[in-house]
Amino acid sequence: MTNPAATFIKNLLDDACSKNASDIHFYPFSDQDKTNIYFRLLGKREFLRSINKSVYQMILTYLKFTSGMDIGENRIPQNGTHLHINKDKQSFYLRLSTLPLANAESITIRILPQQENFTLEQLFLFPFQFQNIIKWLDRPSGIILFTGPTGCGKTTTMYALLEYMLQEKSFQAITLEDPVEKKLDDILQVEVNESAGINYQTGLKAALRHDPDILMIGEIRDQETAEFAFQASLTGHLVLSTLHAKDAVGTIERLLDLGVNRVELQQSLIAIAAIKLIPIERLGKIYRRAAIMELLDGEILTNIIKNDIHAKSDFQTFKYLREKAYLYGFISEKTFKNYEY
């Protein structure tokens, strides 16, 4: 007998994948017998449809069960993962997260395509930025940071860089992620699992014993992880990682807040790429998003680390890059004036 919840979710996921949605949001109303479903399309949240509470509860239980969550627990947030194969036999890694509400429980699904292989040229709006980043990869050791808001493409960029590097030369590459977002060939991928005793700190210690040339850390979240990442870069490893910061200069301030001192920054930090996505238009319609980046490296980066206030005006900021995108015809005047970056 067909499970109605399984059928509903399969059709919903197939629809989301065909539309290139990055997320599915379920929004249960506490005072109404309905739950709204939204897709995140090109960065914008768009309403799809409403379902009643009884249907939503059946779907919620099914999603929690299939993604490895505790179906009886609704008082604390939970995370789970699942693999979806669509009707075209393409694989999509799903990252699910629940959030307890006053009288309900919401769930969100992040959709991560596994077949989608972006080249570095496709990721960046301006080719010269791609060329700059490639030069950073020639360094045998040090740390390269990718910063920006959730969903801006930090991890996608790191994956593309790792694949590019492995095409050029054989490396011992290890990633430490929470969770692993995409399976990569010829790379050792370690998944953080707090319940099994594998956190970023223990994972980093173990990874360093495997003699990596390149170490990718999914995210620097706290002072201890920051210390390990910079220590690894000082002991002969090339480290790639991400950090949440609103711009390139703000990344330096975040690292100082995490206890990394200016001497360590000068010794280890190769470069910073702060990423934001802008909507690219064709015939008046948004058809994709591409990255613009504040790139900090070399003497300008050194001077900013030294707190030279004049150096902060010597690189291409998001404001400058947005104006350039408008002048080149990538975005409309309306988007240029109204789109928030």
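Author: Two strands pair if DSSP finds at least two bridges between them, where strands (E, at least two residues) and helices (H or I, at least four) are DSSP runs numbered from the N terminus. This is a predicted model, in which local features need pLDDT of at least 70, side-chain atom pairs count only at pLDDT 80 or more, and totals for chains, interfaces and linings use all residues. Residues are numbered from 1 along each chain as its sequence is written, and side-chain values use heavy atoms, with hydrogens and water left out.

Reader: How do you know that β1 pairs with β2 (residues 35-41)?

Author: Six bridges join these antiparallel strands, and at least two are needed, so they pair. Phenylalanine 26 stands opposite isoleucine 37 in β2, and a hairpin of six residues links β1 to β2.

Reader: What makes β1 (residues 23-28) "mostly covered"?

Author: Five of its six residues are buried, meaning under 20% relative accessible area (exposed is over 50%, partly exposed in between; 1.4 Å probe, protein chains only).

Reader: Nice. Why is α6 called roughly parallel to α7?

Author: Their axes, lines fitted to C-alpha atoms over the stretch in contact, with angles from 0 to 180 degrees between N-to-C directions, come within 9 Å and cross at roughly 15°. That makes α6 roughly parallel to α7, because angles under 35 degrees count as such (over 145 roughly antiparallel, 65 to 115 roughly perpendicular, the rest oblique).

Reader: And which residues of α6 make the contact?

Author: Happy to say: Tyr200, Gln201, Leu204, Lys205 and Leu208, with contact meaning heavy atoms within 4.5 Å.
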